[in-house]
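Trainee: Could you take me through one part of this model closely, and then connect what you find there with the rest of the chain? I would like a careful reading, with the reasoning spelled out as you go.

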Amino acid sequence: MSSSTLDSFCNFQKGFAFKSSDYVDKGTKIVRVSDLNAYDITLNSCISISDASSYETYRLKEDDVIIATVGSWETNPMSVVGKVVRVQSEASNSLLNQNAVRVRAKDTSDQKFLFYLLKNRTFKEYIISTARGSASQASITQESIKNFNFNLPDKPYREKTVEILTALDRKIAANNKRQMILEFIVLSIYKSWFNDFNYPNATGELENGIPKGWERSNVFERVIEVKEKNIDHNDYPVLSVVKEGEFKPSEDVFTKQVYSKSTSNYKIVKRNQVGYNPARANIGSIAMLMDFEVGLVSPIYIVFEMKSSITPTFFYYYMKQPIFLENIKHHAIGTTRQNLSFEAFKMFEMIVPPKPLQERFEEIAKPIEQKIAKLKEENSLLSEIRDALLPKLMSGELPVEVGNV
């Protein structure tokens with residue numbers, strides 16, 4: 001191995017400060033720091049501009065590496081400063097916004113190696129050690145990033161390292177694609193049956209704009225708030241809802257324990273119940289508990305469950321409809337910090353089909369959901385293997401001859 005710096009190994013380009021007044025619904029996507037997830041870009045959260053002809057300098061292409069130069073401290077890894085992601089093919093031709101840096105290896109054949117180099121713990125620790133800022137926000141300069149010093153393996157070792165790690169990432173990506181296809185199938189069935197009224201044995205006969213026997217209602221009328229506290233001090237996992245609309249263990253969201261030592265005041269949430277942080281629902285932090293039987297959430301959370309007239313499966317896919325999140329954004333109140341009250345669900349229209357039709361939909365959806373769960377479980381294992389191999393490969397501790405996948 002030889003010693004090198006990022007400055008000698010890479011080329012850098014800061015993002016551009018696009019004006020919010022130029023944002024449009026459709027056009028060229030703008031990638032912001034808030035759009036960066038653990039490994040790539042969450043495209044459905046990106047905003048757009050209509051005319052990108054003047055911004056070619058900030059154009060992204062597949063396998064570009066993006067580093068967030070502004071973010072939180074290490075206690076919140078979801079938005080940590082120095083977060084490193086790789087641009088996926090679907091994000092090619094998008095533009096990079098401010099507070100981030102695009103990094104490209106000077107030797108294009110090293111671009112994939114560069115990504116894994118910067119995903120290694122050594123770089124994360126360097127960023128945190130050199131970052132500056134307040135208690136709530138950290139930042140790092142481009143110059144500091146350029147000064148990162150690392151041991152560079154020889155070319156054959158770099159190529160073999162990339163081969164091993166990309167084999168795992170390709171399998172993870174393939175599973176993610178299968179998962180998206182399966183989810184699309186269920187959502188398509190839901191839309192056809194419950195939005196377009198093309199359900200089995202439909203007569204086409206409508207009454208007040210909906211099929212006969214269906215009811216025009218709202219969410220508030222069909223759910224009930226649950227306020228059960230953990231008064232028995234049960235050792236349930238403490239959970240948080242992330243912006244992707246999923247419950248995650250708190251230790252996966254925060255690197256340090258941010259919840260109280262005593263959880264007696266925390267709310268209990270059970271499988272098929274919905275929980276959300278009223279101050280974060282407008283960015284998608286609302287979810288149905290699917291992966292745990294029971295857990296705990298902060299006392300500020302609102303928890304509710306379905307009444308007997310609707311099935312959890314029907315409501316789960318109702319929450320997946322674009323209009324649901326649009327309603328949350330529209331009915332959240334406040335200026336600097338918006339909140340969604342439980343009573344706001346009175347404004348969420350819901351067309352309720354007969355219970356037997358909901359149950360028939362559930363019979364179709366459940367086997368598909370089980371396949372999705374298996375894919376998630378496999379990806380979790382593959383990710384653990386990849387993340388365990390990464391530092392060993394980067395340090396040269398693991399001979400590549402025995403690291404074949």
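Mentor:
**From one strand to an aromatic cluster**

Ser48 has its place in strand β5, and I start there, keeping in mind that the whole model is predicted. With a relative accessibility of 4%, which is under the 20% cut-off, Ser48 counts as buried. Setting aside the neighbours within four places in sequence, Ser48 is in contact with Asp22, Tyr23, Val24, Asp25, Lys26, Gly27, Thr28, Lys29 and Ile30.

The loop that runs between β5 (47-49) and β6 (65-68) contains Asp63. The phi angle of Asp63 is near 75°, a positive value in a residue other than glycine, and Asp63 is buried, its relative accessible area being 16%. Asn272, too, has a phi near 75°, again positive in a residue other than glycine, and it is found in the loop between β20 (267-270) and β21 (274-276). Asn272, however, counts as partly exposed, at 27% relative accessibility, whereas Asp63 is buried.

A word on the cysteines belongs here. Cys10 counts as buried at 2% relative accessibility, and Cys46 is buried as well, with a relative accessible area of 11%. For a disulfide, two cysteine sulfur atoms would have to lie within 2.5 Å, and by this rule the count comes to zero disulfides.

Now to the helices. The axes of helix α5 (residues 155-195) and helix α8 (residues 312-319) come within 10 Å of each other and cross at roughly 100°. Because angles of 65 to 115 degrees count as roughly perpendicular, α5 and α8 are described in that way. On the α5 side the contact is made by Val186, Leu187, Tyr190 and Phe194, which meet Phe314, Tyr317 and Tyr318 in α8. Sorted by class, the contact of α5 with α8 has seven nonpolar residues, no polar and no charged ones.

Two of these α5 residues lead on to the aromatic rings, for which the count in the model comes to 34 aromatic pairs. Tyr190 and Phe194 form one such pair, edge-to-face, with 5.0 Å from centre to centre and 65° between the planes. The two residues are four apart in helix α5, so Tyr190 and Phe194 are separated by about one helical turn. Tyr190 counts as buried at 2% relative accessibility, and Phe194 counts as buried at 4%.

Phe194 also pairs with Phe361: the ring centres are 5.4 Å apart and the planes stand at 85°, so this pair is edge-to-face. Since Phe194 lies in helix α5 and Phe361 in helix α10 (residues 355-395), the pair ties together parts that are 167 residues apart in sequence. Phe361 counts as buried, at 0% relative accessibility.

These rings belong to a wider group, for Tyr190, Trp193, Phe194, Phe197, Tyr199, Trp214, Phe314, Tyr316, Tyr317 and Phe361 form one aromatic cluster. Among its members, Tyr190 and Phe194 in α5, and Phe314 and Tyr317 in α8, also take part in the contact between those two helices. The cluster includes Phe361, which lies in α10.

Terms used. Residues are numbered from 1 along each chain as its sequence is written. This is a predicted model: local features need pLDDT of at least 70, side-chain atom pairs count only at pLDDT 80 or more; totals for chains, interfaces and linings use all residues. Side-chain values use heavy atoms; hydrogens and water are left out. Axes are lines fitted to C-alpha atoms, for helices over the stretch in contact, and angles run from 0 to 180 degrees between N-to-C directions. Angles under 35 degrees count as roughly parallel, over 145 as roughly antiparallel, 65 to 115 as roughly perpendicular and the rest as oblique. Contact means heavy atoms within 4.5 Å. Ala, Val, Leu, Ile, Met, Phe, Trp, Tyr, Cys and Pro count as nonpolar, Asp, Glu, Lys and Arg as charged, and the others, Gly among them, as polar. Buried means under 20% relative accessible area, exposed over 50%, partly exposed in between (1.4 Å probe, protein chains only). Rings of Phe, Tyr and Trp (its six-membered ring) pair if their centres lie within 6.5 Å; planes under 30 degrees apart count as stacked, over 60 as edge-to-face and the rest as tilted.
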